[in-house]
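Open your viewer and get ready to make a few selections. We will go from one stop to the next, with a short note on what to look for at each.

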Amino acid sequence: MLFNSRSVAFIISLVVSGLTVFVLSFLPNITNAVLALAFIACFTFCAVLVYLMFEVLVFNEIKSIYADLEKIKKKEYKISKSKTWLRSMPLKKIKDELYLLEFKKQQEIDELKRLDSFRREFLADVSHELKTPVFAAQGFVHTLIDGAIDDPEVRDKFLEKAARSLDRLDIMVQDLIGISQLEKGIIKMHRIEFNIMRMVQEVFEQLEIKAASRNIKLHLQDTGYSKIDVLADPARIRQVITNLVDNAIKYGNEGGNIWVSFLTGKKKVQISVRDDGEGIPKEHQSRIFERFYRIDKSRSRENGGSGLGLAISKHITEAHNSKLIVNSTPGKGTTMKFKLPRAKGALPEPKKEDLTDTLRSLRDKKPKQEKQ
Ligand SMILES: Nc1ncnc2c1ncn2[C@@H]1O[C@H](COP(=O)(O)OP(=O)(O)OP(=O)(O)O)[C@@H](O)[C@H]1O
Ligand SMILES: [Mg+2]
């Protein structure tokens with residue numbers, strides 16, 4: 001290379017010593033021998049000094065570039081704010097740019113890795129969950145074909161079981177389609193005004209038998225109002241409340257209690273579903289909203305759950321600009337809550353008479369009024 005540290009040192013030394021000799025030549029009584037000596041001395045001194053200076057500087061820069069590369073390898077992306085005049089600015093800028101670029105790329109890689117593992121897990125879960133009812137129905141149908149069809153009692157029983165497995169498959173596929181449509185924003189919320197207290201009461205009526213089978217009592221908070229109107233999509237909100245109460249029944253303790261309470265603010269109403277069951281350990285609390293995530297898979301399957309209920313509920317509450325929040329203490333119980341906008345201008349109506357007989361029977365125990 002033409003311009004390396006040696007050639008630069010040679011040129012600079014040549015210029016400096018030439019200038020020195022030129023200046024010295026003006027001195028009186030100076031001999032040629034002294035001038036030649038001065039030239040050699042000056043040239044040597046300059047050449048060594050400039051060469052060493054270049055080597056040290058370049059070496060230092062290379063060393064610091066290596067150190068920076070090491071930091072990038074270790075994913076230590078720290079952009080220094082201090083301005084140092086010793087370190088050449090262009091190199092510092094290049095380093096900072098490199099850090100930034102590498103940091104962004106690393107973030108993208110991490111996110112892609114996370115999504116990829118999520119996709120793999122999801123595919124494995126979907127195929128596993130779909131396989132279970134398909135295999136069950138297949139087994140019953142083949143047993144019937146192999147001769148069991150001749151026994152009317154066995155035939156009816158097996159057909160019923162096969163139909164139940166296929167119904168489960170249908171629910172699961174519908175749920176999956178529902179989630180993906182909610183994620184894509186295809187499903188629009190049809191917001192109308194309705195009485196949320198009445199809706200909870202209907203969900204209780206629907207799940208009464210299931211709760212009774214586990215000896216669980218359902219309690220609806222006595223709010224002192226005959227109705228609380230909200231502005232939301234009633235079909236979707238019913239789905240959320242049904243899933244929350246259903247979960248509280250399935251995963252609550254036998255002989256336990258479930259309370260549904262309301263907290264009315266100026267613009268919003270908070271709906272809480274609380275149980276006194278086993279609770280959800282901290283490490284699972286953020287994951288239960290993922291598709292197919294179940295804490296105890298075998299127990300959930302016994303209960304017929306596929307782990308899609310909370311994923312759907314989360315999407316529905318988010319589509320209502322709200323968040324489904326879980327508060328749970330293992331051994332004490334779980335509270336799931338979300339907010340809905342109050343119907344415009346509608347104040348909760350003070351109760352004139354008791355709602356219905358069902359509500360009265362449900363109001364065995366009065367929950368504590370929560371603070372807002
Ligand atoms: N109140 C609760 N107490 C304890 N665990 C709960 C409670 N609610 C949910 N879970 C845990 O969270 C998991 C996910 O709940 P989710 O409603 O999504 O699924 P699922 O009820 O099992 O099935 P699906 O709702 O699809 O029928 C459950 O399997 C259960 O392990
Ligand atoms: Mg559920």
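## Starting in a loop

Select arginine 287, which counts as partly exposed because its relative accessibility is 29%. Keep in mind throughout that you are looking at a predicted model. Arginine 287 belongs to the loop between α7 (282-285) and α8 (297-302). Now add alanine 311 to the selection and draw a line between the two C-alpha atoms: arginine 287 and alanine 311 are 9.7 Å apart in space, with their positions 24 residues apart in sequence.

Stay in the loop between α7 and α8 and pick phenylalanine 292. Is phenylalanine 292 buried or exposed? Its relative accessible area is 1%, so phenylalanine 292 is buried. Check the backbone here too: phenylalanine 292 is not a glycine, yet its phi is positive, at about 70°.

For a second positive phi, jump to asparagine 29, where the angle is near 60°, again in a residue other than glycine. Asparagine 29 sits in the loop between α1 (5-24) and α2 (32-73). With 80% relative accessibility, asparagine 29 counts as exposed, whereas phenylalanine 292 is buried.

## Into the pocket

Next, select ligand 1, which sits in the largest pocket. Two elements, α6 (234-251) and α9 (309-319), each give two or more residues to the shell around ligand 1. Which of the elements gives the most to this shell? That is α6, with four residues.

Show the residues around ligand 1: there are 18, and those that come nearest are Asn247, Lys250, Tyr251, Asp275 and Leu310. Then look at these distances to oxygen atoms of the ligand:

- Asparagine 243: a polar atom of its side chain is 3.1 Å from an oxygen atom of ligand 1.
- Lysine 250: an N or O atom in its side chain is 2.9 Å from an oxygen atom of ligand 1.
- Glycine 309: here a backbone N or O atom is 3.1 Å from an oxygen atom of ligand 1.

If you switch on a surface, consider how much of the ligand is covered: on its own ligand 1 has 600 Å² of accessible area, and the protein covers 93% of that.

While you are in this region, select aspartate 246, which is also part of helix α6. Aspartate 246 counts as buried because its relative accessibility is 13%, under the 20% cut-off. Add lysine 210 to see the partner of aspartate 246: their side chains are joined by a polar contact of 2.6 Å.

## Along the strands

For the last stop, select strand β5, residues 257-264. Seven of its eight residues are buried, so β5 is largely enclosed by the rest of the structure. In a regular strand, side chains alternate between the two faces of the sheet.

Which way does strand β2 (residues 217-220) run relative to β5, parallel or antiparallel? The two run parallel, and four bridges join them. To find one of the pairings, select leucine 220 and its bridge partner in β5, valine 260.

Then bring in strand β6 (residues 268-275), which is antiparallel to β5 and joined to it by seven bridges. Threonine 264 and valine 269 of β6 stand opposite each other. Follow the backbone from β5 into β6 and you will pass through a hairpin of three residues.

Key. Residues numbered from 1 in each chain as written. Chains lettered and ligands numbered in written order. Heavy atoms only, no water. Buried < 20%, exposed > 50% of the residue type's maximum accessible area, 1.4 Å probe, protein only. Pairing = 2+ DSSP bridges. Near = heavy atom within 4 Å. Polar contact = N/O pair within 3.5 Å; in protein donor to acceptor, adjacent residues only side chain to side chain. Areas by Shrake-Rupley, 256 points an atom, 1.4 Å probe, with all protein chains shown as cover. 1 Å grid on protein atoms, 1.4 Å probe; cavity = no way out; pocket = protein on both sides within 12 Å on 5 of 7 lines; lining within 4 Å. Sits in = over half its atoms within 2 Å of the grid points.
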